[in-house]
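Reader: I am in my first year and would like to learn how the terms used for a protein model are justified. Could we go through them one at a time?

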Amino acid sequence: MKIYNTLTRNKDEFVPVEAGKVSMYTCGPTVYHYAHIGNLRSYIMEDVLEKYFSYDGYDVTRVMNITDVGHLTSDGDTGDDKMLKGAKRERKSVLEIAKFYTEAFFADCAKLNIKTPEIIEPASNCIDDFIKVISGLLEKGYAYEMGGNIYFDTSKLEKYYVFNDFKEEDLAVGVREGVEEDTNKKNKADFVLWFTKSKFDDQELKWDSPWGIGYPGWHIECSCISMKHLGERLDMHCGGIDNAFPHHTNEIAQSEAYLGHEWCNYWFHVYHLNTNVGKMSKSSGGFLTVSLLESKGYDPLVYRFFCLLSHYRKSLVFTYENLDNAVVSYNKLVAKIGSLLNEPQEKIDSEDFEKLKRGFVQAMDNDLNTSLAITALYDVLKSNANSATKIALVEDFDKVLSIGLIDRAKKLNQSSSGENIPEEISSLVEKRKDARKNKDFVLADKIRDEISELGYLIEETRQGTIVKKK
Ligand code: AMP
Ligand code: ZN
């Protein structure tokens, strides 16, 4: 499998540290608000990556943090604390909003068929781990104390800007207009590892530390949580492209300085979901949520399908018109699969199965090309394979795509058959099912004849009993 690696700027062959296993780390949500569908684009594509590793036979361990402390409104360590801002907005405590929005996040993920990673770790659970690593960085001379805070000293590194060759003077380092630059920093790119009470006095969550009462910076949490659960060498680190700098750049700086060796081999970045006016973001207010789409009558899995139609390394523009086009394609796909389910099922043809599967695997092996993988799905439906083989392939691809194709097709069949089948017939069908369950085949056949006399046919398929008007 080849996957684009932001670190090497190349599509690299994926080779894990330990044969057969993948350690995967995902930057989790900052839980001060609902996740918007842009955030969820990143999580959908990361979910596809994880599921494709599993499909490929790897044993995957995936860890996700929950940012419930330390993420300021500017990635350059200035501005307000996002969690505190959220708590003030809703007149609740930081812990209350963290709990509420963490649950809301996983509820949205479930609607989008995003698998919950094995290990979920809130940053506020790991304060001792942060203190250990920050102390190590101070001992090794990679960090300094200034104005009450502990900073990482980027000038101690041979190469800090690992992803891009930025020029220091061109960088605002996350400082936005109207936000004061931190004068404690020795170098513009330095970043905070630990804040103390000398700054941001209204911080609600604070902990004791060797440097005074305070709280961790945002970047340190991901390095520490990853090392805590996945060890000193990580296969794959994921996030949205905005995280590449400064967040992931800082993670690499501090992790490798602490460990004394290379840390993560592959960096997977998902490009942004944009609206007509630019990047969708929580801070800009007008963002869209899964619940909003649902309230407008969209199936969340259609949004997932919409995301899969584009490559993850291209930015994607969200408009309702684009989403409506995806609805039309999705419904056609489901209807086609629905009619396949109604056809008599022969034996799966393993030769056809393997031949048609190849198109899907080739697409996914080539830097997770989901749109080509969906073309491979259309190729299956158009092929001459028998319906059992086609259905088996749809089920197989959907282990990775997770767009609920069989489930939605069955529901479609149920609802379309339910509309036409009179109550009298439905109850005879149920009685016949019971008779078959009790192995009373004489009675089952008698009921079938009765149903036939009333003008209906019964078919047994792999997907269950189908009733049709003659
Ligand atoms: P946050 O909750 O702000 O920490 O972001 C959670 C994830 O969503 C991170 O991986 C971000 O990089 C990613 N993200 C933020 N905005 C977008 C967007 N508009 N499109 C895609 N991913 C995004
Ligand atoms: Zn992170």
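Reader: What makes the pair formed by an oxygen atom of ligand 1 and an N or O atom in the side chain of N243 a polar contact?

Author: In this predicted model, the oxygen atom of ligand 1 and the N or O atom in the side chain of N243 are 3.2 Å apart. A polar contact is a pair of N or O atoms within 3.5 Å, so this pair qualifies.

Reader: Which backbone atoms lie at such distances from a nitrogen atom of ligand 1?

Author: A backbone N or O atom of G38 lies 3.1 Å from a nitrogen atom of ligand 1, and for a backbone N or O atom of L273 the distance to a nitrogen atom of the ligand is 2.9 Å. Taken alone, ligand 1 exposes 490 Å², and the protein buries 95% of that area.

Reader: How do you know which residues surround ligand 1?

Author: A residue counts as near if one of its heavy atoms lies within 4 Å of the molecule, and 18 residues surround ligand 1, the closest being T30, S42, D242, M280 and K282. By class, this shell has five nonpolar, ten polar and three charged residues. Helix α1, residues 37-55, gives the most to the shell, with four residues, and both α1 and β10, residues 234-240, supply at least two each.

Reader: Why is ligand 1 said to sit in the largest pocket?

Author: The phrase is used because more than half of a molecule's atoms must lie within 2 Å of the pocket's grid points, and ligand 1 is assigned to the largest pocket by that rule. The pocket has a volume of about 640 Å³, and of the 34 residues that line it, the closest to its centre are N39, K82, D242, N243 and K279. The elements giving two or more residues to this lining are α1, α5 (218-230) and β10, with the largest share, five residues, coming from α1. By class, the lining has ten nonpolar, 17 polar and seven charged residues.

Reader: What makes the peptide bond between F245 and P246 a cis bond?

Author: Its omega is about 0°, and the bond joining F245 and P246 is cis; P246 has its place in helix α6, residues 244-259. Most peptide bonds are trans.

Reader: Why is the phi of N113 pointed out?

Author: Most residues other than glycine have a negative phi. The phi of N113, a residue other than glycine, is a positive value near 60°, and N113 lies in the loop between α3 (94-111) and β5 (119-122).

Note on methods:
Residues are numbered from 1 along each chain as its sequence is written. Chains are lettered from A and ligands numbered from 1 in the order in which they are written. This is a predicted model: local features need pLDDT of at least 70, side-chain atom pairs count only at pLDDT 80 or more; totals for chains, interfaces and linings use all residues. Side-chain values use heavy atoms; hydrogens and water are left out. A polar contact is a pair of N or O atoms within 3.5 Å; within protein, one must be able to donate a hydrogen and the other to accept it, and residues adjacent in sequence count only if both atoms are side-chain atoms. Accessible areas come from the Shrake-Rupley method with a 1.4 Å probe; for residues, only the protein chains shown count as cover. On a 1 Å grid over the protein atoms alone, a cavity is a set of points where a 1.4 Å probe fits but cannot get out, and a pocket is an open set with protein on both sides within 12 Å along at least five of seven lines; lining residues have an atom within 4 Å of a point. Ala, Val, Leu, Ile, Met, Phe, Trp, Tyr, Cys and Pro count as nonpolar, Asp, Glu, Lys and Arg as charged, and the others, Gly among them, as polar. Grid points are joined across faces, edges and corners, and a volume is the space filled by probe spheres set on the points.
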